[in-house]
Amino acid sequence: MRVCVIGTGYVGLVTGACLAHIGHHVICVDNNEEKVKLMKAGQSPIFEPGLSEIMTGAMQAGTLEFTTDIGGGVAHGEILFIAVGTPPLPTGESDTRYVEAVARSIGAHLDGGYKVIVNKSTVPIGSGDWVRMIVLDGIVERQKVLVGAGGGEVTTLESVPAFDVVSNPEFLREGCAVYDTFNPDRIVLGGSSSKAIAMMQELYAPIIERQYAEDKSLPPVPVLATDISSAEMIKYAANAFLATKISFINEVANICDRVGADVTQVAKGIGLDSRIGNKFLQAGIGWGGSCFPKDVSALIHTADDYGYDTHLLKAAVSVNQRQRLIAVEKLQQVLKILKGKTVGLLGLTFKPDTDDMRDAPALNLIEHLNRLGAKVKAYDPIVAQSGMRHGLTGVLVETDPERLADGCDALVLVTDWQQFRNLDYNKMASLMTNPVMIDGRNYLDREALQQAGFYYVGVGR
Ligand code: NAI
(Lines give C-alpha, C1' and ligand atoms only; values in the text may rest on other atoms or scores of the structure.)
Protein backbone atom coordinates (compact mmCIF):
# COMPACT_ATOMS: atom_id res chain seq x y z
CA MET A 1 0.00 0.00 0.00
CA ARG A 2 1.09 3.61 -0.42
CA VAL A 3 1.70 5.24 2.94
CA CYS A 4 2.72 8.71 4.09
CA VAL A 5 3.91 9.30 7.65
CA ILE A 6 4.04 12.93 8.74
CA GLY A 7 6.37 13.60 11.68
CA THR A 8 9.35 11.29 11.91
CA GLY A 9 10.23 11.21 15.61
CA TYR A 10 10.32 8.11 17.82
CA VAL A 11 6.87 7.01 16.66
CA GLY A 12 6.74 8.22 13.06
CA LEU A 13 10.17 7.01 12.00
CA VAL A 14 9.75 3.59 13.60
CA THR A 15 6.25 3.21 12.12
CA GLY A 16 7.39 4.35 8.67
CA ALA A 17 10.51 2.18 8.62
CA CYS A 18 8.66 -0.94 9.87
CA LEU A 19 5.79 -0.51 7.36
CA ALA A 20 8.38 -0.12 4.59
CA HIS A 21 10.20 -3.22 5.85
CA ILE A 22 7.04 -5.30 5.42
CA GLY A 23 6.68 -4.14 1.83
CA HIS A 24 4.54 -0.99 1.82
CA HIS A 25 5.82 2.03 -0.08
CA VAL A 26 6.34 4.69 2.58
CA ILE A 27 7.18 8.37 2.28
CA CYS A 28 8.15 9.96 5.61
CA VAL A 29 7.66 13.71 5.87
CA ASP A 30 9.24 16.00 8.45
CA ASN A 31 9.54 19.77 8.51
CA ASN A 32 12.94 19.58 10.20
CA GLU A 33 15.34 19.86 7.28
CA GLU A 34 18.37 18.70 9.26
CA LYS A 35 16.57 15.51 10.29
CA VAL A 36 15.44 14.81 6.74
CA LYS A 37 18.97 15.35 5.41
CA LEU A 38 20.30 12.87 7.98
CA MET A 39 17.62 10.27 7.20
CA LYS A 40 18.11 10.63 3.45
CA ALA A 41 21.75 9.75 4.11
CA GLY A 42 20.53 6.56 5.81
CA GLN A 43 21.15 7.74 9.38
CA SER A 44 18.61 7.60 12.18
CA PRO A 45 18.29 10.84 14.16
CA ILE A 46 17.25 8.79 17.23
CA PHE A 47 18.85 5.89 19.04
CA GLU A 48 16.56 2.86 18.86
CA PRO A 49 17.92 -0.71 18.72
CA GLY A 50 17.51 -2.30 15.27
CA LEU A 51 16.08 0.84 13.63
CA SER A 52 19.10 1.79 11.49
CA GLU A 53 19.26 -1.69 9.96
CA ILE A 54 15.56 -1.65 9.07
CA MET A 55 15.87 1.85 7.61
CA THR A 56 18.87 0.97 5.47
CA GLY A 57 17.26 -2.24 4.19
CA ALA A 58 14.01 -0.51 3.21
CA MET A 59 15.82 2.41 1.59
CA GLN A 60 17.88 0.01 -0.50
CA ALA A 61 14.71 -1.87 -1.46
CA GLY A 62 13.22 1.46 -2.56
CA THR A 63 10.24 1.23 -0.16
CA LEU A 64 11.27 4.07 2.18
CA GLU A 65 11.82 7.71 1.26
CA PHE A 66 12.22 10.94 3.21
CA THR A 67 11.13 14.44 2.29
CA THR A 68 10.16 17.84 3.66
CA ASP A 69 7.49 18.11 0.95
CA ILE A 70 4.16 17.38 2.61
CA GLY A 71 2.28 17.94 -0.67
CA GLY A 72 4.23 15.14 -2.35
CA GLY A 73 3.70 12.87 0.65
CA VAL A 74 -0.06 13.49 0.74
CA ALA A 75 -0.37 12.90 -3.01
CA HIS A 76 1.52 9.61 -2.64
CA GLY A 77 -0.29 8.10 0.35
CA GLU A 78 -3.61 6.32 0.40
CA ILE A 79 -3.03 6.11 4.15
CA LEU A 80 -1.71 9.28 5.81
CA PHE A 81 -0.34 8.98 9.35
CA ILE A 82 -0.15 12.02 11.61
CA ALA A 83 2.70 11.25 14.04
CA VAL A 84 3.85 14.68 15.21
CA GLY A 85 4.52 15.54 18.86
CA THR A 86 1.80 16.55 21.32
CA PRO A 87 3.95 17.97 24.15
CA PRO A 88 2.42 19.22 27.40
CA LEU A 89 1.49 22.88 27.87
CA PRO A 90 2.29 24.43 31.27
CA THR A 91 -1.37 23.83 32.22
CA GLY A 92 -0.93 20.06 31.71
CA GLU A 93 -3.13 19.91 28.64
CA SER A 94 -1.77 18.61 25.38
CA ASP A 95 -0.36 21.07 22.85
CA THR A 96 -2.11 20.09 19.64
CA ARG A 97 -0.77 22.86 17.44
CA TYR A 98 1.49 20.51 15.43
CA VAL A 99 -1.40 18.13 14.77
CA GLU A 100 -3.51 21.10 13.70
CA ALA A 101 -0.82 22.39 11.32
CA VAL A 102 -0.44 18.97 9.72
CA ALA A 103 -4.22 18.39 9.42
CA ARG A 104 -4.63 21.79 7.74
CA SER A 105 -1.76 21.04 5.41
CA ILE A 106 -3.24 17.64 4.52
CA GLY A 107 -6.51 19.39 3.68
CA ALA A 108 -4.71 21.91 1.52
CA HIS A 109 -3.09 19.12 -0.49
CA LEU A 110 -5.93 16.57 -0.64
CA ASP A 111 -6.84 15.80 -4.16
CA GLY A 112 -7.95 12.83 -6.14
CA GLY A 113 -8.77 9.47 -4.57
CA TYR A 114 -10.03 8.35 -1.17
CA LYS A 115 -7.58 8.67 1.75
CA VAL A 116 -7.49 7.43 5.31
CA ILE A 117 -6.06 9.98 7.74
CA VAL A 118 -4.70 8.23 10.83
CA ASN A 119 -4.15 9.90 14.18
CA LYS A 120 -1.08 8.09 15.49
CA SER A 121 -0.13 10.95 17.79
CA THR A 122 -1.60 10.75 21.28
CA VAL A 123 -4.34 13.34 21.06
CA PRO A 124 -7.02 14.55 23.47
CA ILE A 125 -10.29 12.65 23.40
CA GLY A 126 -12.47 14.15 20.69
CA SER A 127 -9.56 14.97 18.39
CA GLY A 128 -10.74 12.63 15.66
CA ASP A 129 -13.71 14.86 14.83
CA TRP A 130 -11.60 17.96 15.33
CA VAL A 131 -8.96 16.72 12.85
CA ARG A 132 -11.73 16.04 10.34
CA MET A 133 -12.92 19.65 10.74
CA ILE A 134 -9.42 21.08 10.32
CA VAL A 135 -8.81 18.98 7.20
CA LEU A 136 -12.09 20.29 5.76
CA ASP A 137 -10.97 23.85 6.65
CA GLY A 138 -7.71 23.20 4.80
CA ILE A 139 -9.61 22.01 1.74
CA VAL A 140 -11.85 25.10 1.76
CA GLU A 141 -8.88 27.48 2.21
CA ARG A 142 -7.13 25.93 -0.76
CA GLN A 143 -10.25 26.20 -2.89
CA LYS A 144 -10.53 29.89 -1.95
CA VAL A 145 -6.96 30.45 -3.11
CA LEU A 146 -7.67 28.65 -6.36
CA VAL A 147 -10.89 30.64 -6.92
CA GLY A 148 -9.05 33.86 -6.09
CA ALA A 149 -6.47 33.02 -8.69
CA GLY A 150 -9.23 32.23 -11.16
CA GLY A 151 -8.11 28.65 -11.33
CA GLY A 152 -10.96 26.65 -9.82
CA GLU A 153 -14.49 26.40 -8.63
CA VAL A 154 -16.04 27.15 -5.27
CA THR A 155 -16.03 24.08 -3.04
CA THR A 156 -19.34 22.38 -2.68
CA LEU A 157 -19.99 19.42 -0.43
CA GLU A 158 -19.94 17.14 -3.48
CA SER A 159 -16.51 18.32 -4.63
CA VAL A 160 -14.76 17.69 -1.30
CA PRO A 161 -12.16 14.93 -1.68
CA ALA A 162 -13.24 11.75 0.11
CA PHE A 163 -11.43 10.87 3.32
CA ASP A 164 -11.99 9.29 6.73
CA VAL A 165 -10.20 9.80 10.03
CA VAL A 166 -9.11 6.80 12.10
CA SER A 167 -7.56 6.79 15.56
CA ASN A 168 -4.75 4.25 15.79
CA PRO A 169 -2.96 4.89 19.11
CA GLU A 170 0.62 3.77 19.47
CA PHE A 171 1.80 1.63 22.38
CA LEU A 172 5.47 1.12 21.47
CA ARG A 173 8.08 1.47 24.17
CA GLU A 174 11.20 3.52 23.46
CA GLY A 175 14.20 1.21 23.63
CA CYS A 176 12.32 -1.70 22.04
CA ALA A 177 10.18 0.21 19.55
CA VAL A 178 11.01 -1.97 16.53
CA TYR A 179 10.34 -5.15 18.49
CA ASP A 180 7.05 -3.74 19.80
CA THR A 181 5.93 -2.74 16.29
CA PHE A 182 6.37 -6.30 15.02
CA ASN A 183 5.11 -7.94 18.24
CA PRO A 184 2.22 -5.77 19.47
CA ASP A 185 -0.10 -6.94 22.24
CA ARG A 186 -3.02 -5.46 20.30
CA ILE A 187 -3.88 -3.05 17.52
CA VAL A 188 -6.59 -0.49 18.28
CA LEU A 189 -8.51 1.06 15.40
CA GLY A 190 -11.10 3.72 16.21
CA GLY A 191 -13.46 5.02 13.58
CA SER A 192 -16.89 4.67 12.05
CA SER A 193 -15.95 3.97 8.43
CA SER A 194 -15.80 0.26 7.66
CA LYS A 195 -13.85 1.05 4.49
CA ALA A 196 -11.14 2.87 6.46
CA ILE A 197 -10.94 0.15 9.12
CA ALA A 198 -10.65 -2.52 6.40
CA MET A 199 -7.77 -0.60 4.78
CA MET A 200 -5.99 -0.35 8.14
CA GLN A 201 -6.40 -4.09 8.65
CA GLU A 202 -4.94 -4.72 5.21
CA LEU A 203 -2.02 -2.41 6.05
CA TYR A 204 -1.23 -4.28 9.26
CA ALA A 205 -2.08 -7.77 7.93
CA PRO A 206 1.53 -9.09 7.90
CA ILE A 207 1.96 -7.91 11.51
CA ILE A 208 -1.47 -9.18 12.60
CA GLU A 209 -0.62 -12.58 11.11
CA ARG A 210 2.72 -12.56 12.98
CA GLN A 211 4.84 -12.83 9.82
CA TYR A 212 7.47 -10.60 11.42
CA ALA A 213 6.95 -11.69 15.03
CA GLU A 214 9.62 -13.26 17.19
CA ASP A 215 7.23 -16.14 17.89
CA LYS A 216 5.38 -16.87 14.64
CA SER A 217 3.31 -19.64 16.23
CA LEU A 218 1.31 -17.19 18.36
CA PRO A 219 -2.35 -16.60 17.44
CA PRO A 220 -3.01 -13.44 15.37
CA VAL A 221 -2.62 -10.07 17.06
CA PRO A 222 -6.00 -9.02 18.53
CA VAL A 223 -7.46 -6.09 16.60
CA LEU A 224 -9.87 -3.97 18.57
CA ALA A 225 -12.18 -1.86 16.43
CA THR A 226 -13.85 0.86 18.50
CA ASP A 227 -15.46 4.22 18.13
CA ILE A 228 -12.94 7.02 17.76
CA SER A 229 -13.25 8.50 21.28
CA SER A 230 -12.82 5.08 22.91
CA ALA A 231 -9.63 4.47 20.90
CA GLU A 232 -8.27 7.83 22.04
CA MET A 233 -9.26 7.05 25.64
CA ILE A 234 -7.61 3.60 25.51
CA LYS A 235 -4.21 5.24 24.97
CA TYR A 236 -4.60 7.59 27.94
CA ALA A 237 -6.12 4.94 30.19
CA ALA A 238 -3.29 2.48 29.42
CA ASN A 239 -0.56 4.98 30.27
CA ALA A 240 -2.41 6.28 33.33
CA PHE A 241 -2.81 2.71 34.60
CA LEU A 242 0.87 1.86 34.14
CA ALA A 243 2.01 5.10 35.77
CA THR A 244 -0.36 4.49 38.69
CA LYS A 245 0.96 0.94 39.08
CA ILE A 246 4.51 2.27 39.42
CA SER A 247 3.41 4.96 41.87
CA PHE A 248 1.65 2.24 43.86
CA ILE A 249 4.76 0.09 44.23
CA ASN A 250 6.81 3.20 45.05
CA GLU A 251 4.40 4.02 47.84
CA VAL A 252 4.72 0.44 49.09
CA ALA A 253 8.53 0.79 48.87
CA ASN A 254 8.45 3.89 51.05
CA ILE A 255 6.46 1.98 53.67
CA CYS A 256 8.90 -0.97 53.34
CA ASP A 257 11.77 1.42 54.08
CA ARG A 258 10.10 2.38 57.34
CA VAL A 259 9.00 -1.05 58.53
CA GLY A 260 12.10 -2.96 57.43
CA ALA A 261 10.56 -5.03 54.62
CA ASP A 262 12.14 -5.56 51.19
CA VAL A 263 10.01 -4.22 48.33
CA THR A 264 11.72 -6.46 45.76
CA GLN A 265 10.44 -9.51 47.66
CA VAL A 266 7.05 -7.91 48.19
CA ALA A 267 6.77 -7.15 44.46
CA LYS A 268 7.63 -10.75 43.64
CA GLY A 269 5.03 -11.95 46.12
CA ILE A 270 2.21 -9.81 44.79
CA GLY A 271 3.30 -10.09 41.14
CA LEU A 272 2.77 -13.86 41.20
CA ASP A 273 -0.93 -13.15 41.61
CA SER A 274 -2.18 -13.35 38.02
CA ARG A 275 -4.70 -10.59 38.72
CA ILE A 276 -1.79 -8.24 39.50
CA GLY A 277 1.02 -9.48 37.22
CA ASN A 278 4.72 -8.92 37.74
CA LYS A 279 5.33 -6.08 35.26
CA PHE A 280 5.70 -2.44 36.29
CA LEU A 281 6.29 -3.38 39.91
CA GLN A 282 9.93 -2.23 40.13
CA ALA A 283 10.21 0.40 42.83
CA GLY A 284 12.63 3.23 42.14
CA ILE A 285 13.06 6.94 41.61
CA GLY A 286 9.82 7.39 39.71
CA TRP A 287 8.46 7.46 36.20
CA GLY A 288 9.34 9.97 33.52
CA GLY A 289 9.92 10.22 29.81
CA SER A 290 7.98 11.76 26.99
CA CYS A 291 4.69 9.91 27.54
CA PHE A 292 3.62 9.01 31.09
CA PRO A 293 3.88 12.48 32.66
CA LYS A 294 2.24 14.28 29.78
CA ASP A 295 -0.47 11.70 29.15
CA VAL A 296 -1.48 11.46 32.82
CA SER A 297 -1.58 15.27 33.06
CA ALA A 298 -3.61 15.50 29.86
CA LEU A 299 -6.16 12.98 31.16
CA ILE A 300 -6.45 14.85 34.46
CA HIS A 301 -6.95 18.04 32.46
CA THR A 302 -9.61 16.48 30.22
CA ALA A 303 -11.50 15.20 33.28
CA ASP A 304 -11.25 18.69 34.84
CA ASP A 305 -12.78 20.14 31.67
CA TYR A 306 -15.82 17.97 32.35
CA GLY A 307 -15.95 18.97 36.02
CA TYR A 308 -14.56 15.64 37.26
CA ASP A 309 -11.82 15.77 39.89
CA THR A 310 -9.51 12.77 39.40
CA HIS A 311 -8.34 11.87 42.93
CA LEU A 312 -6.47 8.69 41.99
CA LEU A 313 -4.56 10.12 39.01
CA LYS A 314 -3.60 13.26 40.93
CA ALA A 315 -2.30 11.06 43.75
CA ALA A 316 -0.25 8.99 41.25
CA VAL A 317 1.37 12.22 40.03
CA SER A 318 2.07 13.56 43.51
CA VAL A 319 3.60 10.23 44.67
CA ASN A 320 5.81 10.42 41.60
CA GLN A 321 6.91 14.00 42.21
CA ARG A 322 8.01 13.04 45.73
CA GLN A 323 9.63 9.83 44.50
CA ARG A 324 11.82 11.65 42.01
CA LEU A 325 13.64 13.24 44.95
CA ILE A 326 13.89 10.08 47.06
CA ALA A 327 17.57 9.77 46.08
CA VAL A 328 18.25 13.22 47.55
CA GLU A 329 16.57 12.19 50.80
CA LYS A 330 18.71 9.04 50.93
CA LEU A 331 21.89 11.00 50.14
CA GLN A 332 21.09 13.36 53.02
CA GLN A 333 20.53 10.42 55.37
CA VAL A 334 24.02 9.09 54.58
CA LEU A 335 26.09 12.22 53.85
CA LYS A 336 24.05 14.69 55.96
CA ILE A 337 25.07 18.01 54.38
CA LEU A 338 25.26 17.93 50.59
CA LYS A 339 26.76 21.41 50.11
CA GLY A 340 30.24 20.98 48.65
CA LYS A 341 29.82 17.22 48.13
CA THR A 342 30.22 15.58 44.72
CA VAL A 343 27.46 13.27 43.54
CA GLY A 344 27.87 11.07 40.45
CA LEU A 345 24.83 9.94 38.47
CA LEU A 346 24.99 6.60 36.69
CA GLY A 347 22.61 7.17 33.80
CA LEU A 348 20.65 10.21 32.67
CA THR A 349 17.98 8.98 30.26
CA PHE A 350 14.58 8.13 31.74
CA LYS A 351 15.12 4.47 30.87
CA PRO A 352 17.79 2.34 29.18
CA ASP A 353 18.23 1.84 25.42
CA THR A 354 16.94 5.27 24.50
CA ASP A 355 18.51 8.70 24.06
CA ASP A 356 15.29 10.45 25.11
CA MET A 357 15.83 12.94 27.92
CA ARG A 358 12.31 14.41 27.90
CA ASP A 359 11.06 14.72 31.48
CA ALA A 360 13.76 12.37 32.78
CA PRO A 361 13.92 12.10 36.62
CA ALA A 362 17.67 12.86 36.32
CA LEU A 363 16.81 16.45 35.39
CA ASN A 364 14.94 17.02 38.69
CA LEU A 365 17.75 15.36 40.58
CA ILE A 366 20.43 17.57 39.00
CA GLU A 367 18.41 20.71 39.66
CA HIS A 368 17.71 19.80 43.29
CA LEU A 369 21.28 18.72 44.07
CA ASN A 370 22.58 21.95 42.52
CA ARG A 371 20.16 23.92 44.68
CA LEU A 372 21.55 22.17 47.77
CA GLY A 373 25.10 23.14 46.74
CA ALA A 374 26.31 19.73 45.57
CA LYS A 375 28.50 19.31 42.53
CA VAL A 376 26.90 16.89 40.05
CA LYS A 377 28.70 14.67 37.57
CA ALA A 378 27.11 12.02 35.35
CA TYR A 379 27.89 9.21 32.97
CA ASP A 380 25.36 7.83 30.51
CA PRO A 381 26.42 5.54 27.67
CA ILE A 382 24.17 7.10 25.05
CA VAL A 383 24.52 10.71 26.17
CA ALA A 384 28.32 10.42 26.12
CA GLN A 385 28.16 8.83 22.67
CA SER A 386 25.71 11.23 21.05
CA GLY A 387 27.22 14.40 22.47
CA MET A 388 23.88 15.42 23.98
CA ARG A 389 25.82 16.59 27.04
CA HIS A 390 25.97 20.05 25.49
CA GLY A 391 22.26 20.56 26.14
CA LEU A 392 22.49 19.73 29.86
CA THR A 393 23.17 22.33 32.52
CA GLY A 394 24.36 21.97 36.11
CA VAL A 395 26.11 18.67 35.45
CA LEU A 396 29.55 17.65 34.24
CA VAL A 397 29.14 14.73 31.83
CA GLU A 398 32.01 12.26 32.06
CA THR A 399 33.04 9.91 29.28
CA ASP A 400 33.41 6.73 31.35
CA PRO A 401 32.21 5.32 34.70
CA GLU A 402 35.64 5.40 36.37
CA ARG A 403 36.17 9.06 35.60
CA LEU A 404 32.69 9.56 37.05
CA ALA A 405 33.55 7.75 40.29
CA ASP A 406 36.80 9.68 40.72
CA GLY A 407 36.42 12.03 43.69
CA CYS A 408 32.69 11.35 44.26
CA ASP A 409 31.12 11.28 47.73
CA ALA A 410 28.31 9.11 46.43
CA LEU A 411 26.95 7.56 43.26
CA VAL A 412 23.26 7.34 42.35
CA LEU A 413 22.11 4.73 39.86
CA VAL A 414 19.48 6.65 37.88
CA THR A 415 19.03 4.51 34.74
CA ASP A 416 19.17 0.71 34.68
CA TRP A 417 21.44 0.39 31.64
CA GLN A 418 22.48 -3.27 31.46
CA GLN A 419 26.18 -2.44 31.32
CA PHE A 420 25.96 -0.89 34.81
CA ARG A 421 25.63 -4.43 36.20
CA ASN A 422 29.16 -5.27 35.09
CA LEU A 423 31.25 -2.24 35.95
CA ASP A 424 34.51 -2.59 37.89
CA TYR A 425 32.99 -1.53 41.20
CA ASN A 426 36.17 -2.43 43.16
CA LYS A 427 38.12 0.08 41.11
CA MET A 428 35.32 2.65 41.26
CA ALA A 429 35.05 2.36 45.06
CA SER A 430 38.82 2.93 45.36
CA LEU A 431 38.54 6.15 43.34
CA MET A 432 35.73 7.64 45.45
CA THR A 433 36.08 9.88 48.47
CA ASN A 434 33.19 7.98 50.02
CA PRO A 435 32.05 4.74 48.39
CA VAL A 436 28.27 5.22 48.75
CA MET A 437 25.82 3.80 46.20
CA ILE A 438 22.19 4.88 46.10
CA ASP A 439 20.66 2.27 43.80
CA GLY A 440 17.70 4.24 42.49
CA ARG A 441 16.35 1.27 40.52
CA ASN A 442 17.15 -1.64 42.89
CA TYR A 443 19.11 -2.91 39.92
CA LEU A 444 22.57 -3.71 41.20
CA ASP A 445 23.82 -6.77 43.09
CA ARG A 446 23.73 -5.54 46.68
CA GLU A 447 26.13 -8.18 48.04
CA ALA A 448 28.67 -7.63 45.23
CA LEU A 449 28.58 -3.89 45.80
CA GLN A 450 29.04 -4.34 49.55
CA GLN A 451 31.99 -6.69 48.90
CA ALA A 452 33.50 -4.02 46.64
CA GLY A 453 33.41 -1.71 49.65
CA PHE A 454 30.26 0.28 48.91
CA TYR A 455 27.76 1.44 51.49
CA TYR A 456 24.68 0.30 49.54
CA VAL A 457 21.24 1.93 49.81
CA GLY A 458 18.30 0.70 47.72
CA VAL A 459 14.72 1.92 47.46
CA GLY A 460 12.38 0.14 49.85
CA ARG A 461 14.79 -2.62 50.85
P1 NAI B 1 8.92 13.52 18.46
O2 NAI B 1 8.94 14.87 19.06
O3 NAI B 1 10.07 12.60 18.63
O4 NAI B 1 8.67 13.65 16.88
C5 NAI B 1 7.76 14.51 16.29
C6 NAI B 1 8.27 14.87 14.88
O7 NAI B 1 7.30 15.62 14.20
C8 NAI B 1 9.55 15.69 14.88
O9 NAI B 1 10.52 15.08 14.06
C10 NAI B 1 9.10 17.03 14.30
O11 NAI B 1 10.12 17.67 13.55
C12 NAI B 1 7.94 16.61 13.43
N13 NAI B 1 7.00 17.67 13.09
C14 NAI B 1 6.44 18.60 13.92
N15 NAI B 1 5.62 19.41 13.22
C16 NAI B 1 5.63 18.96 11.94
C17 NAI B 1 4.97 19.38 10.74
N18 NAI B 1 4.13 20.42 10.74
N19 NAI B 1 5.22 18.71 9.60
C20 NAI B 1 6.07 17.67 9.58
N21 NAI B 1 6.71 17.22 10.69
C22 NAI B 1 6.50 17.87 11.84
O23 NAI B 1 7.58 12.83 18.98
P24 NAI B 1 7.31 11.28 19.33
O25 NAI B 1 7.94 10.92 20.61
O26 NAI B 1 7.57 10.46 18.12
O27 NAI B 1 5.74 11.33 19.59
C28 NAI B 1 4.80 11.54 18.55
C29 NAI B 1 3.42 11.26 19.10
O30 NAI B 1 3.31 9.87 19.45
C31 NAI B 1 3.09 12.03 20.37
O32 NAI B 1 1.74 12.38 20.35
C33 NAI B 1 3.36 11.03 21.47
O34 NAI B 1 2.59 11.27 22.61
C35 NAI B 1 2.95 9.73 20.82
N36 NAI B 1 3.61 8.55 21.36
C37 NAI B 1 4.96 8.59 21.64
C38 NAI B 1 5.60 7.46 22.12
C39 NAI B 1 7.05 7.49 22.46
O40 NAI B 1 7.51 6.52 23.08
N41 NAI B 1 7.80 8.51 22.11
C42 NAI B 1 4.86 6.20 22.34
C43 NAI B 1 3.47 6.28 21.98
C44 NAI B 1 2.88 7.41 21.52
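Is Asp262 buried or exposed? Select Asp262 and check: this residue is buried, with a relative accessible area of 14%. Keep in mind that the model is predicted.

**Stop 1: Asp262 and Arg461**

Now add Arg461 to the selection. Arg461 forms a salt bridge with Asp262. The closest N and O atoms are 3.8 Å apart. Arg461 counts as partly exposed, at 25% relative accessibility. Buried means under 20%, so Asp262 at 14% qualifies, while Arg461 at 25% does not. Zoom out to see where each partner sits. The pair links distant parts of the chain, 199 residues apart. Arg461 lies in the segment after strand 14 (455-457). Asp262 lies in the loop between helix 9 and helix 10 (263-271).

**Stop 2: Lys330 and Asp257**

Select Lys330 and Asp257 next. They form a salt bridge, with the closest N and O atoms 2.7 Å apart. Here too the pair links distant parts of the chain, with the two positions 73 residues apart in numbering. Lys330 belongs to helix 13 (residues 326-335), and Asp257 to helix 9 (residues 228-259). Turn on a surface. Lys330 is buried, at 5% relative accessible area. Asp257 is partly exposed, at 31%.

**Stop 3: Lys427 and Glu402**

Move to helix 17 (residues 425-431) and pick Lys427. Its salt-bridge partner is Glu402, found in helix 16 (residues 401-405). The closest N and O atoms are 3.0 Å apart. The two residues are 25 apart along the chain. Lys427 is partly exposed, with a relative accessible area of 38%. Glu402 is also partly exposed, at 26%.

**Stop 4: a network**

Select Glu100, Arg104, Asp137 and Glu141 together. Salt bridges that share partners join these four residues into one network. How many salt bridges does a search of the whole structure find? The total is 23.

**Stop 5: helix 1**

Finish with residues 10-21, which make up helix 1. Put a distance label between the end C-alpha atoms: they are 16 Å apart. At 1.5 Å a residue, the twelve residues should span 16 Å, so the model agrees with the expected value. Then color by accessibility. Helix 1 is mostly covered, with ten of its twelve residues buried. Among them are Tyr10, Leu13, Val14, Cys18 and Leu19. Step past the end of the helix to Gly23. Its phi is positive, near 110 degrees.

Terms used:
Residues numbered from 1 in each chain as written. Predicted model: local features only at pLDDT ≥ 70, side-chain atom pairs only at ≥ 80, totals over all residues. Heavy atoms only, no water. Salt bridge = Lys/Arg side-chain N within 4 Å of Asp/Glu carboxyl O. Helix = DSSP H or I, 4+ residues; strand = E, 2+ residues; numbered from the N terminus. Buried < 20%, exposed > 50% of the residue type's maximum accessible area, 1.4 Å probe, protein only. Expected span 1.5 Å × (residues − 1).
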